[in-house]
Each structure stands twice: as structure tokens, then as C-alpha cells.
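Open the structure and keep the sequence beside it. Work each exercise by eye before reading its solution.

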Amino acid sequence: MTAALDHATLREHKAFGASPLRGLLLTGLDDPAAAVWAPPTGPAAHRDLCTDCGVSRTADARRCARACQFIQPDYPAMEARVHGRVRDPTRPDELFFGPFRRMVRARLSPARPDAQWTGVATRIAERLLETGAVDAVLTMAPDPQDRWRPVPVLVTRAEGMARVRGMRMGYAPLLALLEPARAAGHRRLAVIGIPCQVYALRALESTLGFERLYVIGTPCSDNTTTESFHTFLGLLSDRPETITYLEFRADYHVELRFADGGRREIPFLKLPISDLPPDFFPLTCRTCVDYTNVLADITVGYMGGEGEQWLLVRNARGEELLDLLGDEVKTSAPGDAGKRAGAVKGFLINTARAAGGLPLRRMPGFMRGIMGWAMPRVGPRGLEFARARVEMKAVETVLHLRRAEPRRMKTMIPDHVWKLVAPYGLTPGPGEQGNTAGKTPGIP
Ligand SMILES: Cc1cc2nc3c(=O)[nH]c(=O)nc-3n(C[C@H](O)[C@H](O)[C@H](O)COP(=O)(O)OP(=O)(O)OC[C@H]3O[C@@H](n4cnc5c(N)ncnc54)[C@H](O)[C@@H]3O)c2cc1C
Ligand code: SF4
Ligand code: SF4
């Protein structure tokens, strides 16, 4: 049991009506040597659109109304609070990626074993622990029984970060561990999270009582339940249980790695996407409005990195985080090539068919081969690829909400999303626009 599990924590867990020991035994994750602690969480309250970020499992579940990305997000106000300013209309990329000081391609050298890319996200957090800048890091570990299932943990020693590297598919209540973290006496905390978790974290930040909070965000798109993800793996391989790694790369290929050290690359166009059930991607993940984690201090992704990582340093704290890596991180200017408009238009047509209940068009087999070869060479690359993906996500938001939850459009879609889809002929219909919170001062 970790040092973090002190008497105060035990008392707090009793207040939640759950035994901490039950959590420890069930998860098998707790590792005193590495100081990885997976306290149990309370039950989730039912919510319509919800990725179980953890707020509904805290002592005051009503805070969802104010914290949730899916209710009435207010990006301009939050960006101003977190970064000291809203998106700058004279820097067009901020419309796509949110406020940032600088963007870089990056790789950690040496790359860390088991990391999703080279391990920038976990290494930053490891450095925060090594230097004593934080008492704990809140992030996701793999479930010992299922490597693809995320389990929220608190890590209190740098060695523990090796246990959480890599990507899991699915949702887990990260923010439910904020209360145990405070109860354990942690005052300075780092959180690694995906955008829907970071939105809620920022919305509640001022009430949480931490002295210092560092937020390392990753982009996120096309998440699904861990169960559904296993179905997908089953379509990719006869032995899905041997797949240890999967990534949708920026060169239009999915990379798979296997337990025996084997690797396979599948062009996006050859993926069995049309064999998946229509509800494979939950409505939350088809309509979420923040791909690039605009409220993080630093976003650590790969989309604009052309085979390397892509970092967006958003504020002074983000600079502090990147500085922690010193010479371990090699950076360069991101590339920018190709034209995205055709790819986004094609995506819109296919999404409109799917959102209208029609099957996705299947490309003839021989064409898929040709396109799979051509896309990495002539398709949008570097920052243009990242812009294309952000626009595609905005298109999905509008089309899927229009079909499934039209009444939510008014409050859920921020103004900047409408600006992203306007070049493709998608404009708000009567009653669809009204997130006045989404009006960015300075952007007409
Ligand atoms: C569902 C999902 C979709 C993503 N989609 C994109 C994308 O489209 N474009 C893009 O640029 N990046 C995407 N990312 C981020 C990307 O996969 C890498 O995590 C990121 O580039 C950091 O790489 P790294 O080597 O620095 O990470 P590592 O150092 O390996 O650290 C990864 C961190 O992510 C945390 N994590 C893993 N799984 C989850 C999860 N399910 N929920 C919350 N946290 C988790 C881990 O706990 C760890 O702290 C996605 C991540 C997730 C979880
Ligand atoms: S704030 Fe979190 S728990 Fe609450 S409804 Fe939103 S995603 Fe679900
Ligand atoms: S796609 Fe959006 S809603 Fe879904 S898990 Fe990722 S950040 Fe959350």
C-alpha cells in the first residue's frame, strides 16, 4: 500500500461509502514501490451525453451542470481564464487549435519503452515528480486484466510513470480521484487528460483547493468503449488478444504491434470501418467540440508532427513543462503541405450519408489500394493534416447533433465550430446557433 494511503484518506473513502482496500485488491494496480495508487470511485450518476469524466462520482454530482463540455461549454471565458487571452484572430491557426504560444514537432531521445509515441507526456510528468514540483500525477493506467481498459490512478513517485505509458481506448472517471488526492494531502498536482476531462477540470479548478495544477493534455478523437474497441481489434486480426499497440498515424495508416514483436500497417481506406455497428462511436465522441485540448497548459499529440510528436505550448506554465525536458527533447518546426479541402469535402459527404442513416460508401477494392498509396504523398500533411482533422471533427459535430440531438445544438456548439464548417456550406439553421458563450471577442 502506498504512503499516500494515510488515515485522512481512509476517512475520506469511508465518506464515499467505499472501502479503499476493496479498490486495491480488485484492480491489482497498486504498487507501493512505484507509488501507483488506484483508489475506488463512487457510482456514476446517469447523464445523457457523458463520458464519465468522474465529476458525477464526486461528493457533489450536481457540478456536472457547470463543468460539462456537453452542456453549455464556454470556451472563450475558459481560454481567457486559463491562458490570459482568447484566440487571436490575427493568428488563423488559433481558430483550429485554440490559443498557443508555439507549436513544435518533437521527439524524446531516447524514446521511452511502451510509450504511445516517444513518451513526451509521461516524461514531463515524471520530471515534475523528480523535481518535486508536484506531489502526485493523476492519469490512467492499464487495467492489469485488460491492457486496453483505462483505470484512473495517482502516481506519487517518478518510477511509477513507466506503468502508465501508452494509450488505452475507453473512458474512466479520472476526475473522481481529485477528492482522494486532496484527502491524501496532495497540494500540487499534475493531470494528464483528454479534452472532455480537461474541460471539466478547468471548470472546477478554482474550487478544488490545490495550490498548483499542471495540465498536460493529449488530443482525442474517435474514442469508444473498451468493449467496442475489442470488437474492432477482432476485425483487424485473427488473434486480437496478441495486439499490444494501435495508432492512427498521420501518414494515413494504422499501425499495429503484436506481442511477438511483429508489426503491421493498414492504410486507413482499407480499415473495416463500414463493418462496425452504427453506434460504434458514441454520440459524445462524434460531437465533442475540442479535438486539440485547448485548455491544457501543453498539448502533446502527433497530428501535425508528420511521424513525430506535435506539441502546442499554450501558456507560461506550458513553457515551464517543456523546459523540464531539457536536451532530452529534440524539436523542429512543423511541416505544412498539401490541400485539405477535397479530403474534408469527401468526409462531409460520407458523414452526411451516415448521419442520414445510409450506409457508408465502400470504395472498390482496387481504388482503395491506389488511394491508400496516394494519400500519404498528395494528401494534407503536417499542420494541414491537423487542420483537416479539426475541420472533419467540426463537420461531425454539426451533422450528428442535427440528426440526433438538434435541441442541444444551440448550447453545445461554440461559435468557432460554426466558423470551421462555414467554408463547406454548413451554416446554422433556425434555432441552431445561440451559444453566446461561444462568441469570441475580437472574432466577428
Ligand atoms: C482515445 C484517444 C484518442 C487519441 N486521438 C488522438 C488523435 O486523434 N490525434 C493526436 O494527435 N493524438 C491523439 N491521442 C493522443 C496520442 O495517442 C498520444 O497519447 C499522445 O500523442 C502522447 O504520446 P506520448 O508518447 O507522449 O504518450 P505517453 O507518454 O505514452 O503517455 C500517454 C498518456 O495518455 C494517458 N492515457 C492513455 N489512455 C488514455 C485514455 N483512454 N484516457 C485518458 N488518458 C489516457 C496515459 O495514462 C498516459 O499518461 C489520443 C489519445 C487517446 C487516449
Ligand atoms: S461533467 Fe463528466 S460526469 Fe458530468 S455529465 Fe459531463 S462527462 Fe459526465
Ligand atoms: S472524443 Fe471527445 S468526448 Fe470522446 S473521449 Fe475524446 S475528448 Fe472525450
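The exercises below deal with two ligand shells and several paired strands in a predicted model.

**Exercise 1. Find the residues around ligand 2 and sort them by class.**

Step 1. Select the shell. A residue belongs to it if its C-beta atom, placed from the backbone, lies within 6 Å of the ligand. This gives 13 residues around ligand 2.

Step 2. Pick out the closest. They are Arg 47, Cys 50, Cys 53, Cys 64 and Cys 68.

Step 3. Assign elements. Helices α3 (64–67) and α8 (195–208) each give two or more residues to this shell.

Step 4. Sort by class. Nine residues of the ligand 2 shell are nonpolar, two are polar and two are charged.

**Exercise 2. Do the same for ligand 1: which residues come nearest, and which element gives the largest share?**

Step 1. Count the shell. There are 31 residues around ligand 1.

Step 2. List the nearest. These are Ala 115, Trp 117, Ala 121, Thr 122 and Gly 301.

Step 3. Assign elements. Two or more residues come from each of α6 (120–130), β3, β5 and β10 (298–301). The largest share is that of α6, with three residues.

Step 4. Sort by class. The ligand 1 shell holds 16 nonpolar, 13 polar and two charged residues.

**Exercise 3. Trace the partners of strand β5. Is each pairing parallel or antiparallel?**

Step 1. Locate β5. It spans residues 188–193, and five of its six residues are buried.

Step 2. Take strand β3, residues 136–143. It pairs with β5 in the parallel sense, over three bridges. To check the register, start at Leu 138: its bridge partner in β5 is Val 191.

Step 3. Take strand β6, residues 212–217. Six bridges join it to β5, and these strands also run parallel. Here Gly 193 has Gly 217 in β6 as its bridge partner.

Step 4. Add the helix. Together β5, α8 and β6 form a right-handed β-α-β unit. Helix α8 already appeared in Exercise 1, as a contributor to the shell around ligand 2.

**Exercise 4. Describe the hairpin of β7 and β8. Which residue between the strands takes a positive phi?**

Step 1. Set the strands. β7 covers residues 243–248 and β8 covers residues 253–258.

Step 2. Read the direction. The two run antiparallel and are joined by five bridges.

Step 3. Find a facing pair. Phe 248 stands opposite Val 254 in β8.

Step 4. Inspect the turn. Four residues lie between the strands, and Tyr 252 takes a positive phi near 65°.

Note on methods: Residues are numbered from 1 along each chain as its sequence is written. Chains are lettered from A and ligands numbered from 1 in the order in which they are written. This is a predicted model: local features need pLDDT of at least 70, side-chain atom pairs count only at pLDDT 80 or more; totals for chains, interfaces and linings use all residues. Ala, Val, Leu, Ile, Met, Phe, Trp, Tyr, Cys and Pro count as nonpolar, Asp, Glu, Lys and Arg as charged, and the others, Gly among them, as polar. Two strands pair if DSSP finds at least two bridges between them. A residue is buried if 20 or more other C-beta atoms lie within 10 Å of its own, exposed if 12 or fewer, and partly exposed in between; C-beta atoms are placed from the backbone. A crossover is right-handed if, with the strands pointing away from the viewer, the path from the first strand over the helix to the second runs clockwise.
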